[in-house]
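Please open the model in your viewer and keep the sequence panel beside it, since each stop on this tour begins with a selection. The route goes from helix pairs to a core and then to single residues.

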Amino acid sequence: MPNPSRSQIKKRVIHNLSIVSGYSEESIKETHSLKNHLDMGVRQRESLAPGFEVIAREYNSDAVISKAECGRLATVKASIDLVWSRAKGSS
């Protein structure tokens with residue numbers, strides 16, 4: 001499958017962030033902090049891993065995104081970039 005555009009990945013990542021955080025997709029901005037703006041603790045961030053991995057694997061069947069990586073994510077932008085890089089096949 002061809003590499004996804006960043007905007008394709010962004011929509012899906014923001015959707016997942018919305019589900020986990022309880023904030024609406026429309027209110028989530030790339031500049032937002034997962035902790036300070038979306039009130040997401042480490043466990044909530046770690047719970048993003050399976051959903052993020054599903055998104056990345058649609059484009060790269062070998063993509064792996066760990067709970068530990070997601071637990072360290074600080075911003076919406078970093079979340080999008082992580083999934084996008086794995087979907088393209090780079091770590």
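Helices here are DSSP runs of at least four residues, numbered from the N terminus. With that numbering in hand, select Asp39, which lies in the loop between α1 and α2. Keep in mind throughout that this is a predicted model. The phi angle of Asp39 is near 55°, a positive value in a residue other than glycine.

**The loop between α1 and α2**

Stay in this loop and select Gly41, which also has its place between α1 and α2. Is Gly41 buried or exposed, or does it fall in between? Its relative accessible area is 34%, so Gly41 counts as partly exposed. If you now add Pro4 to the selection and draw a C-alpha to C-alpha distance, the two residues are 29 Å apart in space and 37 residues apart in sequence.

Next select His32, again in the loop between α1 and α2, the latter helix covering 42-46. His32 has a relative accessible area of 16% and is therefore buried, the cut-off for that class being under 20%. Leaving aside neighbours within four places in sequence, show what surrounds His32: Ser27, His37 and Leu38 are in contact with it, as are Ala74, Thr75 and Val76.

**Helix α1 against helix α3**

Now colour helix α1, residues 6-21, and helix α3, residues 49-57, whose axes come within 10 Å and cross at roughly 160°. The two helices are therefore roughly antiparallel to each other, and their crossing is right-handed. To see the contact, display the side chains of Ile9, Arg12, Val13, Asn16 and Leu17 in α1, which meet Gly51, Phe52 and Ile55 in α3. Sorted by class, this contact of α1 with α3 contains 5 nonpolar, 2 polar and 1 charged residues.

**Helix α1 against helix α5**

Keep α1 in view and bring in α5; their axes come within 9 Å and cross at roughly 125°. That angle makes α1 oblique to α5, and this crossing, too, is right-handed. On the α1 side the contact is made by Arg6, Ile9, Lys10, Val13, Ile14 and Leu17, while α5 contributes Val76, Lys77, Ser79, Ile80, Asp81, Val83, Trp84 and Ala87. By class, the contact of α1 with α5 has 9 nonpolar, 1 polar and 4 charged residues.

**Helix α3 against helix α5**

Hide α1 for a moment and look at α3 with α5, where the axes come within 8 Å and cross at roughly 40°. This makes α3 oblique to α5, and α3 passes α5 in a right-handed crossing. Select Phe52, Ile55 and Ala56 in α3, and you will find them meeting Ser79, Val83, Arg86 and Ala87 in α5. The classes represented in this contact of α3 with α5 are 5 nonpolar, 1 polar and 1 charged residues.

**The core**

Which residues have the most contacts inside the largest nonpolar core? Select Ile9, Val13, Leu17, Phe52, Cys70, Val76 and Val83, which hold that place in a core of 23 residues. The elements that give two or more residues to this core are α1, α3 and α5, the last of these covering 76-88, and the largest share, 5 residues, comes from α5.

Begin with Ile9 and, setting aside residues within four places in sequence, display its contacts, which are Pro4, Ile55, Tyr59, Ile80, Val83, Trp84 and Ala87.

Then move to Cys70, found in helix α4, residues 67-72. Cys70 is buried, with a relative accessible area of 0%. Not counting residues up to four places away in sequence, Cys70 touches Arg45, Glu46, Leu48, Ala49, Phe52, Ile65 and Leu82. A C-alpha to C-alpha distance drawn from Cys70 to Glu46 gives 5.0 Å, although the two are 24 residues apart in sequence.

**A buried arginine**

The last selection is Arg45, which has its place in helix α2. Its relative accessibility is 10%, so Arg45 counts as buried. Beyond its neighbours within four places in sequence, Arg45 is in contact with Leu34, Lys35, Met40, Cys70, Gly71 and Leu73. From this list take Leu73, which is 28 residues away from Arg45 in sequence and 7.2 Å away in space, C-alpha to C-alpha.

Key
Residues are numbered from 1 along each chain as its sequence is written. This is a predicted model: local features need pLDDT of at least 70, side-chain atom pairs count only at pLDDT 80 or more; totals for chains, interfaces and linings use all residues. Side-chain values use heavy atoms; hydrogens and water are left out. Axes are lines fitted to C-alpha atoms, for helices over the stretch in contact, and angles run from 0 to 180 degrees between N-to-C directions. Angles under 35 degrees count as roughly parallel, over 145 as roughly antiparallel, 65 to 115 as roughly perpendicular and the rest as oblique. A crossing is left-handed if the near helix is turned anticlockwise from the far one by less than a right angle, and right-handed if clockwise. Contact means heavy atoms within 4.5 Å. Ala, Val, Leu, Ile, Met, Phe, Trp, Tyr, Cys and Pro count as nonpolar, Asp, Glu, Lys and Arg as charged, and the others, Gly among them, as polar. Buried means under 20% relative accessible area, exposed over 50%, partly exposed in between (1.4 Å probe, protein chains only). A nonpolar core is a set of buried Ala, Val, Leu, Ile, Met, Phe, Trp, Tyr and Cys residues joined through side-chain atoms within 4.5 Å.
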